[in-house]
Amino acid sequence: MYQRFIVKLGTSVLTSGSPYLDRDHMAELVRQCAALHRQGHQLIVCTSGAIAAGRERLDHPHLPDTLAVKQMLAAVGQSRLMHVWESLFQDYNIHVGQMLLTRADVTDRHRFLNARDTLQTLLDHRIVPIINENDAVATAEIKVGDNDNLSALVALLAEADLLILLTDQPGLFTADPRTNPDAELIPEVHAINDTLRRTAGASISGLGVGGMTTKLQAADVARRTGTDVVIASGHAPDVIRRVVAGETLGTRFPALDTPLANRKRWIFAGPAASGTLVVDEGAARALSQHGGSLLPAGITAVRGTFERGDTVSILGPQHNQLARGITRYDSTDLKRIQGHQSDDFVDMLGYTAGPVAVHRNDMILT
């Protein structure tokens with residue numbers, strides 16, 4: 001059973017194919033999420049539907065199909081959509097938090113780290129993140145373009161175990177089941193190739209942006225970051241609970257690696273170290289023998305100039321390389337707090353990015 005999962009809900013699922021949000025069905029989806037939340041699972045909702053909600057709020061006016069109009073509808077609909085989610089989760093005494101993202105929040109290092117920290121803090125406090133693309137302000141250059149691919153980027157941010165893409169189809173078929181009666185459901189996919197991409201048909205609901213093509217793109221991205229992906233019908237009975245429990249349903253794309261192994265491989269083979277941290281005997285022992293994180297209290301020297309999120313080398317007291325990792329503080333701030341306990345960080349820096357300089361999950365021993 002998966003511990004941390006993302007549920008991506010397409011417009012066709014939220015409206016049940018109608019011009020209006022289907023609040024009864026949304027309530028059923030929340031019921032399933034709430035039951036899993038009570039069992040201790042961490043869940044993230046990646047929602048479409050802001051533009052559809054905006055059209056509904058404005059009584060479906062006839063408007064030109066321009067970017068400015070879509071952004072206007074998203075601006076009107078996003079608050080309405082969020083209000084529906086908040087009220088439905090409130091029935092189960094579950095708090096929600098809204099995050100509006102663009103591609104720039106993932107591709108820019110500082111914004112990536114800030115988004116990741118916000119997401120993690122929400123989950124740590126048992127708050128359900130409700131994520132959508134920031135359609136009201138996003139330009140073509142920074143738009144993800146559809147919430148299928150946005151959900152794959154969220155899987156990277158959240159280091160999720162599972163991404164569930166709920167749609168108006170039972171899964172991926174060998175052909176378009178709406179036109180080919182011989183089409184068969186594909187239960188599991190291990191390789192995404194051109195032949196498979198050609199089987200992915202476009203959405204015909206007229207409500208959403210994506211179809212099976214974008215879901216295939218999202219699945220390919222998410223599985224490479226260590227996340228299992230399942231495409232399933234959003235109207236299948238108890239679909240979320242069944243997929244999280246590992247039941248065979250829809251089309252499953254197994255992860256190519258675990259999120260932790262995938263990230264550590266990137267740390268080892270990725271960018272050259274931007275700086276060096278020298279640690280004392282106690283810190284070296286904690287890293288090499290006890291699987292600990294690196295605390296600023298154990299750092300004796302900070303060399304080089306680097307930013308938060310850069311890769312650094314970690315050297316022992318005899319200057320032998322112990323590890324490589326991603327730093328949570330820049331070089332200027334680490335020089336100020338090296339040798340100090342975490343209780344002093346706010347007084348010294350005016351803020352804190354947490355008690356560790358390099359977390360164990362962001363580190364590989366060398």
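This is a short walk through the cores, cysteines, backbone oddities and salt bridges of one predicted model.

Okay, let's start inside. The largest nonpolar core has 38 residues, and the members that touch the most others are Phe-5, Leu-9, Trp-85, Phe-89, Ile-164, Leu-166 and Ile-240. Take Leu-9 as a way in. Leaving out residues up to four places away in sequence, Leu-9 touches Leu-14, Leu-29, Val-45, Cys-46, Thr-47, Ser-48, Trp-85 and Leu-166. There's also a second core, separate from that one, with 35 residues, including Leu-150, Leu-157, Leu-165 and Ala-200. As you all know, nonpolar side chains in soluble globular proteins tend to be buried together.

Cys-46 came up as a neighbour of Leu-9, so what about disulfides? Searching the whole structure turns up zero. Why is Cys-33 not bonded to Cys-46? Their sulfurs are 13 Å apart, and Cys-46 holds the closest cysteine sulfur to Cys-33, so that's too far for a bond. Seen from the other side, the sulfur nearest to Cys-46 is that of Cys-33, again at 13 Å. Both are tucked away, by the way: Cys-33 is buried at 3% relative accessible area, and Cys-46 is buried at 0%.

Next, the backbone. Most residues other than glycine have a negative phi, and here are some exceptions to look at. Ser-16 has a positive phi of about 55°, and it sits in the loop between α1 (11–15) and α2 (23–38). Its relative accessibility is 33%, partly exposed. Asn-93 has a positive phi of about 60°, in the loop between α4 (67–90) and β3 (96–101). Asn-93 is exposed, at 63%. And Asp-59, just after α3, takes a positive phi of about 65°.

While we're at α3, which is residues 50–57, which of its residues are buried? Those are Ala-50, Ala-52, Ala-53, Gly-54 and Glu-56. These buried residues pack against α1, α2, α4 and β4 (128–133).

Out on the surface, Leu-58, Leu-63 and Met-72 make a nonpolar patch, with about 210 Å² of accessible area together. Met-72 belongs to helix α4 and is partly exposed at 33%.

Last topic, charges. The count comes to 14 salt bridges, and I'll pick out a few. Arg-31 pairs with Glu-28, 2.8 Å from N to O. They're three residues apart in helix α2, so about one helical turn separates them. Both are partly exposed, Arg-31 at 33% and Glu-28 at 26%.

Then there's Lys-70 with Asp-65, where the closest N and O atoms are 3.5 Å apart. Lys-70 is partly exposed at 36%, whereas Asp-65 is exposed at 62%.

Now, Asp-148 and Lys-215: their side chains meet in a salt bridge at 3.2 Å, N to O. This pair ties together distant parts of the chain, with Asp-148 in helix α7 (residues 147–158) and Lys-215 in helix α9 (residues 212–224), 67 residues apart. Are these two buried or exposed? Asp-148 is buried, and Lys-215 is buried too.

And to finish, have a look at the network: Arg-116, Asp-117, Arg-308, Arg-328 and Asp-362 are linked by salt bridges. That's my tour, thanks.

Notes
Residues are numbered from 1 along each chain as its sequence is written. This is a predicted model: local features need pLDDT of at least 70, side-chain atom pairs count only at pLDDT 80 or more; totals for chains, interfaces and linings use all residues. Side-chain values use heavy atoms; hydrogens and water are left out. A nonpolar core is a set of buried Ala, Val, Leu, Ile, Met, Phe, Trp, Tyr and Cys residues joined through side-chain atoms within 4.5 Å. Buried means under 20% relative accessible area, exposed over 50%, partly exposed in between (1.4 Å probe, protein chains only). Contact means heavy atoms within 4.5 Å. A disulfide is a pair of cysteine sulfur atoms within 2.5 Å. Helices (H or I, at least four residues) and strands (E, at least two) are DSSP runs, numbered from the N terminus. Patches are made of residues with over 30% relative accessible area and no salt bridge: like charges are joined within 9 Å, nonpolar side chains (Val, Leu, Ile, Met, Phe, Trp, Tyr) within 5 Å. Accessible areas come from the Shrake-Rupley method with a 1.4 Å probe; for residues, only the protein chains shown count as cover. A salt bridge is a side-chain nitrogen of Lys or Arg within 4 Å of a carboxyl oxygen of Asp or Glu.
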